[in-house]
Amino acid sequence: MRISLRSCSLALLGSAVLAFGLYNVHAFSGVTEGGILGLTLLLHHWLGISPSASGLALNLACYLLGWRTLGRSFVVYSLVAGGGFSLFYAVFERFAPLWPALASMPLLASIVGALFVGVGVGLSVRAGGAPGGDDALAMTLSSVTHMKIERIYLASDLIVLALSASYLPLANLACSLLTVVLSGQLIGLVQRVSIPHFTKKNAV
């Protein structure tokens, strides 16, 4: 197994972008995400558990469930990105949010939040891993149930958003659905777009 230092750096960059957006936009705007990201925000709201802790625990559980269906390099890059997310979020939450006014502008928050999530996750996925365990969990469930993986992604997002209805008003849920759709499209775009000079060199 060959691990690229440049890919690890890209995965960390993606996790930093994601953590920055999740803390400064999602956590204070009333707009949430689907999947594990949304679940960490749900736990933060009801139980006061920091996403830096719950995110790492949930992601590790998903990686353990899916490690037999994933390549070793994917697991390594995902752990780098997931650990980086927890570290960066723990640092960011020591400071006041940069845009508290977004709390009264859920539509704008959904768009801005989608940009951070889409770019952050997209960079990590491009590096060969993911900062969240959604990918590993979706692949495992797809293998077991023989369902298309995109249906599993959508189902997980809808389940978390439905649970989030316990603390979010309907308007915010609608904006959350918008950010889920937008971020998903951005992840695919960032994954495919050409980045000059990006090659998996410096392997160890």
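Is phenylalanine 20 buried, partly exposed or exposed, and what is its relative accessible area? In this predicted model, phenylalanine 20 has a relative accessible area of 22% and is therefore partly exposed. That places the residue just outside the buried class, whose limit is under 20%. Let us start with the overall fold and then come back to this ring and its partner.

**The chain as a whole**

The chain holds 8 helices and 0 strands. Read from the N terminus, the order of elements is α-α-α-α-α-α-α-α. There are 204 residues, and 46% of them count as buried. Contacts that span a long stretch of sequence are well represented: among contacts with a separation of 6 or more, 81% join residues 24 or more positions apart.

**Aromatic pairs**

A pair of aromatic rings is described by the distance of the centres and the angle of the planes. The count of such pairs here comes to 7. One of them joins phenylalanine 20 and tryptophan 99: with centres 5.8 Å apart and planes at 80°, the pair is edge-to-face. Phenylalanine 20 sits in helix H1 (residues 5-29) and tryptophan 99 in the loop between helix H4 (72-92) and H5, so the pair ties together parts that are 79 residues apart in sequence. Tryptophan 99 is partly exposed, because its relative accessibility is 34%.

Another pair is made by tyrosine 23 and tyrosine 89, whose ring centres are 5.6 Å apart and whose planes stand at 90°, so this pair is edge-to-face as well. This pair also links distant parts of the chain, as tyrosine 23 belongs to helix H1 and tyrosine 89 to helix H4, 66 residues apart. Both tyrosine 23 and tyrosine 89 are buried. Phenylalanine 20 and tryptophan 99 also belong to one aromatic cluster, together with Phe88, Phe92 and Phe116.

**The nonpolar core**

In soluble globular proteins, nonpolar side chains tend to be buried together. Which residues make up the largest nonpolar core of this chain? It has 12 members: Leu18, Ala19, Leu22, Tyr23, Leu37, Leu41, Phe85, Tyr89, Val117, Val121, Val125 and Ala130. Helices H1, H2, H4 and H5 each contribute at least two residues to this core, and H1 gives the most, with 4 residues. The two tyrosines of the edge-to-face pair, Tyr23 and Tyr89, are among the members.

Valine 121, also in this core, is in contact with Leu18, Pro131 and Ile187 once its neighbours within four places in sequence are left aside.

Helix H5 (residues 106-127) also holds serine 110. Serine 110 is buried, because its relative accessible area is 0%. Beyond residues up to four places away in sequence, serine 110 touches Val31, Cys175, Leu178 and Thr179.

**Empty space: a cavity and a pocket**

A search of the whole structure finds 1 cavity of 30 Å³ or more. The table sets the largest cavity beside the second largest pocket.

| Space | Volume | Top contributor to the lining | Lining by class |
|---|---|---|---|
| Largest cavity | about 40 Å³ | H2, 3 residues | 5 nonpolar, 4 polar, no charged residues |
| Second largest pocket | about 260 Å³ | H7, 6 residues | 13 nonpolar, 2 polar, 1 charged residues |

The cavity is lined by Leu18, Ile36, Leu37, Thr40, Gly55, Asn59, Phe85, Pro131 and Gly132. Helix H2 (35-47) and helix H3 (51-66) each supply at least two residues of that lining. Leu18, Leu37 and Phe85 appear both in this lining and in the nonpolar core.

The second largest pocket, of about 260 Å³, has 16 lining residues, and those closest to its centre are Gly35, Ile36, Cys62, Leu137 and Ser156. Here H2, H3, helix H6 (134-145) and helix H7 (149-164) each supply at least two lining residues. Ile36 lines the largest cavity as well as this pocket.

**A glycine in a loop**

Finally, glycine 71 lies in the loop between H3 and H4. With a relative accessibility of 42%, glycine 71 counts as partly exposed. Its C-alpha atom is separated by 9.9 Å from that of glycine 128, which is 57 residues away along the chain.

Terms used: Residues are numbered from 1 along each chain as its sequence is written. This is a predicted model: local features need pLDDT of at least 70, side-chain atom pairs count only at pLDDT 80 or more; totals for chains, interfaces and linings use all residues. Side-chain values use heavy atoms; hydrogens and water are left out. Buried means under 20% relative accessible area, exposed over 50%, partly exposed in between (1.4 Å probe, protein chains only). Contact means heavy atoms within 4.5 Å. Rings of Phe, Tyr and Trp (its six-membered ring) pair if their centres lie within 6.5 Å; planes under 30 degrees apart count as stacked, over 60 as edge-to-face and the rest as tilted. On a 1 Å grid over the protein atoms alone, a cavity is a set of points where a 1.4 Å probe fits but cannot get out, and a pocket is an open set with protein on both sides within 12 Å along at least five of seven lines; lining residues have an atom within 4 Å of a point. Grid points are joined across faces, edges and corners, and a volume is the space filled by probe spheres set on the points. Ala, Val, Leu, Ile, Met, Phe, Trp, Tyr, Cys and Pro count as nonpolar, Asp, Glu, Lys and Arg as charged, and the others, Gly among them, as polar. A nonpolar core is a set of buried Ala, Val, Leu, Ile, Met, Phe, Trp, Tyr and Cys residues joined through side-chain atoms within 4.5 Å.
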